[in-house]
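Q: I would like to learn how to read the features of a protein model. Could you guide me through them one at a time?

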Amino acid sequence: MSGLFFVHAHHTVPALMPELPEVETTRRGLATHCLGAGIKRVKVRDRRLRWPVPAALPETVSGSRICGLDRRGKYLIMRLDTGWSVIMHLGMSGYIRVVTLSVAYQTHDHVDFVLDNDHCLRFHDPRRFGSIHVTEAPAEAHPLLKSLGPEPFDDAFNGRALYTRSRGRRISIKAFIMDSRVVVGVGNIYATEALWRAGIHPGRAAGRVGHARFGRLTEQIRAVLGEAIEAGGTTLRDFTRSDGQPGYFQQTLEAYGRADQPCRRCGRPLRSIRLAQRATVYCPTCQR
Ligand SMILES: [Zn+2]
């Protein structure tokens with residue numbers, strides 16, 4: 001398991017993987033420590049991530065300066081003044097923390113970016129589903145990124161676009177909004193929450209969701225992601241904890257993880273089904 005825990009009001013839920021809000025929280029946390037810093041050297045202790053860490057990574061990025069840190073979907077893009085970019089994904093269990101150089105590395109601390117400000121960005125990933133790539137072309141043109149759909153906070157993500165795209169589609173609305181070609185960063189937790197809030201049954205065929213309901217759904221997707229990012233912001237001070245993970249926090253969840261508990265809207269028990277191999281909680285009364 002990941003070792004990351006989302007804490008909320010009633011109990012602690014082990015997080016299956018970092019989702020968009022955690023990646024955005026990571027981006028903001030790292031940016032304050034690394035923007036404008038030079039990379040003195042890169043220490044790769046273990047190359048075996050989802051794809052091998054490029055052997056040329058240290059020589060490619062050492063000596064350059066970090067001039068931007070962006071997010072695209074769940075990818076972090078570290079832009080360098082040489083025109084190169086480092087593209088990082090946290091996979092299912094990864095995190096990056098900021099440590100001072102004197103902090104000893106731990107098991108699964110696979111890669112260090114040693115900066116010229118006495119800090120180090122340390123990439124940790126027990127399950128190794130994360131990745132690090134380096135590219136000279138614009139990062140957005142990289143094969144991993146070029147097919148990604150719009151960001152949930154972009155204007156291109158709206159009810160009309162989803163409505164148009166979904167006509168004739170028989171896949172469930174939940175699987176539809178979790179497809180990164182439709183919109184990036186809507187993982188299982190946020191899809192479950194947004195559908196509960198929008199009152200849409202997760203198993204309903206995407207092609208049978210009307211225009212107005214798609215409008216409500218896009219608003220709720222933005223709302224749940226935005227609230228999670230805001231909650232994550234309160235933990236930024238923990239980013240330099242040398243002893244462990246940054247301790248992501250999440251807003252109170254209304255549906256995810258609450259099977260058989262009373263619906264917070266109608267009081268009747270929530271139900272759990274499996275959709276596209278994922279546990280899905282919904283309210284049979286409120287979601288149609
Ligand atoms: Zn209900």
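Q: Are Cys263 and Cys283 buried or exposed?
A: A residue counts as buried when its relative accessible area is under 20%. In this predicted model, both Cys263 and Cys283 are buried.

Q: Which atoms coordinate the zinc ion?
A: To read a metal site, one begins with the donor atoms. Here the zinc ion is held by the SG atoms of Cys263, Cys266, Cys283 and Cys286, at 2.2 to 2.4 Å. Cys263 belongs to the loop between helix 6 (211-233) and strand 11, while Cys283 belongs to the segment after strand 12, so this pair ties together parts that are 20 residues apart in sequence.

Q: What is the geometry of the site of the zinc ion, and what spacing do its donors follow along the chain?
A: Four donors count as tetrahedral if all angles lie between 85 and 135 degrees. The angles among the four donor atoms of the zinc ion are 101 to 116°, and the site is tetrahedral. Along the chain, the donors are spaced as C-x2-C-x16-C-x2-C.

Q: Where is Gln277 found, and what is its phi?
A: A backbone angle is best read together with its place in the chain. Gln277 sits in the loop that links strand 11 (271-275) to strand 12 (278-282). Its phi is positive, about 65°, although Gln277 is not a glycine. Gln277 counts as exposed because its relative accessibility is 66%, and the cut-off for exposed is over 50%.

Q: Which other residue that is not a glycine has a positive phi?
A: Asp118 is such a case, with a phi near 70°. Asp118 is placed in the loop between strand 8 (109-115) and strand 9 (119-124).

Q: In what order do the four strands of the open sheet lie?
A: A sheet is read strand by strand, from one side to the other. The order here is 4-5-6-10, and the pairing is antiparallel. At the edges stand strand 4 (66-72) and strand 10 (131-135); each has a single partner strand, so one side of each is left without a neighbour in the sheet. On average, neighbouring strands of this sheet are turned by 20° against each other, with direction ignored.

Q: How many bridges join strand 4 to strand 5, and what lies across these two strands?
A: Six bridges join strand 4 to strand 5 (residues 75-80), and the two run antiparallel. Gly68, for instance, has Arg79 in strand 5 as its bridge partner. Helix 1 (residues 20-34) lies across both strands and runs at about 175° to strand 4.

Q: Why is strand 7 described as largely enclosed?
A: One counts the buried residues of the element. In strand 7 (residues 95-100), five of the six residues are buried, so the strand is largely enclosed by the rest of the structure. Strand 7 also pairs with strand 9 in the antiparallel sense over six bridges, and Arg97 stands opposite Arg122 in strand 9.

Q: How many residues of helix 5 are buried?
A: The reading is done as for a strand. Helix 5 (residues 188-198) is mostly covered, with 10 of its 11 residues buried; among them are Ile189, Tyr190, Leu195 and Trp196. Just after helix 5 comes Gly199, whose phi is positive at about 70°.

Q: What can be said of the protein as a whole?
A: The protein has six helices and 12 strands. Of its 288 residues, 52% count as buried. Its accessible surface comes to about 12700 Å², and 50% of this belongs to carbon and sulfur atoms.

Notes. Residues are numbered from 1 along each chain as its sequence is written. This is a predicted model: local features need pLDDT of at least 70, side-chain atom pairs count only at pLDDT 80 or more; totals for chains, interfaces and linings use all residues. Side-chain values use heavy atoms; hydrogens and water are left out. Buried means under 20% relative accessible area, exposed over 50%, partly exposed in between (1.4 Å probe, protein chains only). Accessible areas come from the Shrake-Rupley method with a 1.4 Å probe; for residues, only the protein chains shown count as cover. Two strands pair if DSSP finds at least two bridges between them. Axes are lines fitted to C-alpha atoms, for helices over the stretch in contact, and angles run from 0 to 180 degrees between N-to-C directions. Contact means heavy atoms within 4.5 Å. Donors are N, O and S atoms within 2.8 Å of the metal (3.2 Å for Na, K and Ca); water is not among the atoms, so sites may look incomplete. Four donors count as tetrahedral if all angles lie between 85 and 135 degrees; four count as square planar and six as octahedral if opposite donors are over 155 degrees apart and all others between 65 and 115; anything else is irregular.
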